[in-house]
Amino acid sequence: MPATTRFSNSTFLSSHNGYLKWKLKTASFINLRYGPGSRHSSCGRIGKGKGLIYASFGDMSDDSTAIFPRIHVKDPYKRLGISREASEEEIQAARNFLINQYSGHKPSVDAIESAHDKIIMQSFYERKNPKINFKKKFREASQSRIVRAVTSRFESPATNFVIKTAAVFIVLGVLTVLFPTEEGPTLQVAISLVFSIYFIHQRLKSRIRAFLYGFGAFFGSWLLGTFLMVSIIPPLLKGVRSFEVTTSLISYVLLWVSSTYLKMYCL
């Protein structure tokens with residue numbers, strides 16, 4: 001065989017072997033990079049990564065007339081496939097993704113838009129009207145200087161004493177409502193003064209201080225009750241003597257608080 005023919009055959013074989021080696025290396029790289037069966041491989045099949053990307057928003061389809069599978073889900077967050085802690089960017093991304101996927105089916109688009117609008121409106125309402133932490137507000141108010149100064153003027157007596165004083169003033173209130181006279185509840189008011197002095201004497205064990213505190217609580221209660229009826233509280237009862245009766249009821253409450261809970265000091 002001539003030398004030229006041997007050279008040509010050897011050159012062709014070496015070139016063919018190089019091409020085969022290059023193709024094998026390329027196929028191995030594609031399988032490692034995109035996985036076997038990807039659309040970059042020679043088989044031309046669609047890769048599995050697409051399903052993983054779409055998995056967070058639900059099962060997707062390339063059909064333009066596909067129906068949104070969560071179209072009847074009431075919870076807007078579950079309908080969009082997001083958590084309640086999702087940011088505005090995540091909410092918008094989920095909405096855009098689902099709209100593009102199901103743009104060919106109008107009821108699906110309407111369901112996605114409705115869920116998105118509900119979430120946005122709820123977020124706007126919560127920012128505009130934040131929830132009030134009543135426990136925190138009450139704790140802060142109870143620790144303020146004014147509230148502590150007021151509460152320091154009161155003390156908690158024995159339960160039996162509280163029940164006894166409450167029963168007496170409740171009976172006086174019932175008698176005042178059931179038997180109003182033309183002159184007003186004069187008798188009941190006088191009885192309330194006597195019982196106030198009596199209860200204060202049981203606490204202080206001193207007649208002079210009981211009289212002083214009793215008369216002071218009596219006049220203070222009536223002045224405050226009259227002011228509340230004239231300025232703040234509307235008439236609660238009907239009748240000719242409704243003003244006097246309602247004022248008496250408010251005064252009984254104030255007398256009960258002062259004779260039961262008000263802290264008494266030595267003069």
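## Exercises: salt bridges, a helix pair and a surface patch

Arg95 and Glu113 form a salt bridge, with 2.4 Å between the closest N and O atoms. The model is predicted: local features need pLDDT of at least 70, side-chain atom pairs count only at pLDDT 80 or more, and totals for chains, interfaces and linings use all residues. Residues are numbered from 1 along each chain as its sequence is written, and side-chain values use heavy atoms, leaving out hydrogens and water.

**Exercise 1.** Place Arg95 and Glu113 in their helices, then class each as buried or partly exposed.

*Solution.*
- Recall the term: a salt bridge has a side-chain nitrogen of Lys or Arg within 4 Å of a carboxyl oxygen of Asp or Glu.
- Arg95 lies in helix H4 (residues 88–101) and Glu113 in helix H5 (residues 106–128), so the bridge ties together parts 18 residues apart in sequence.
- Helices are DSSP runs (H or I, at least four residues), numbered from the N terminus.
- Now the cut-offs: buried is under 20% relative accessible area, exposed is over 50%, and partly exposed is in between (1.4 Å probe, protein chains only).
- Arg95 has 19% relative accessibility, so Arg95 is buried.
- Glu113 has 22%, so Glu113 is partly exposed.

**Exercise 2.** Find how far apart Lys106 and Asp110 are in helix H5.

*Solution.*
- Their side chains meet in a salt bridge, at 3.0 Å from N to O.
- The two are four residues apart in H5, so about one helical turn separates them.
- Lys106 counts as exposed because its relative accessibility is 59%.
- Asp110, at 39%, is partly exposed.

**Exercise 3.** Say which parts the salt bridge of Arg203 and Glu155 ties together.

*Solution.*
- The closest N and O atoms of Arg203 and Glu155 are 2.7 Å apart.
- Arg203 sits in helix H9 and Glu155 in the loop between helix H7 (145–151) and H8, so the linked parts are 48 residues apart in sequence.
- Glu155 has 36% relative accessibility and is therefore partly exposed.
- The whole structure holds four salt bridges.

**Exercise 4.** Describe the packing of H9 against H10.

*Solution.*
- H9 (residues 186–204) and H10 (residues 207–231) pack at about 135 degrees, their axes 8 Å apart.
- That angle makes H9 oblique to H10.
- Angles under 35 degrees are roughly parallel, over 145 roughly antiparallel, 65 to 115 roughly perpendicular, and the rest oblique.

**Exercise 5.** Locate Leu175 and give its exposure class.

*Solution.*
- Leu175 is in helix H8 (residues 159–178).
- With 34% relative accessibility, Leu175 is partly exposed.

Methods: Axes fitted to C-alpha atoms, helices over the stretch in contact; angles between N-to-C directions.
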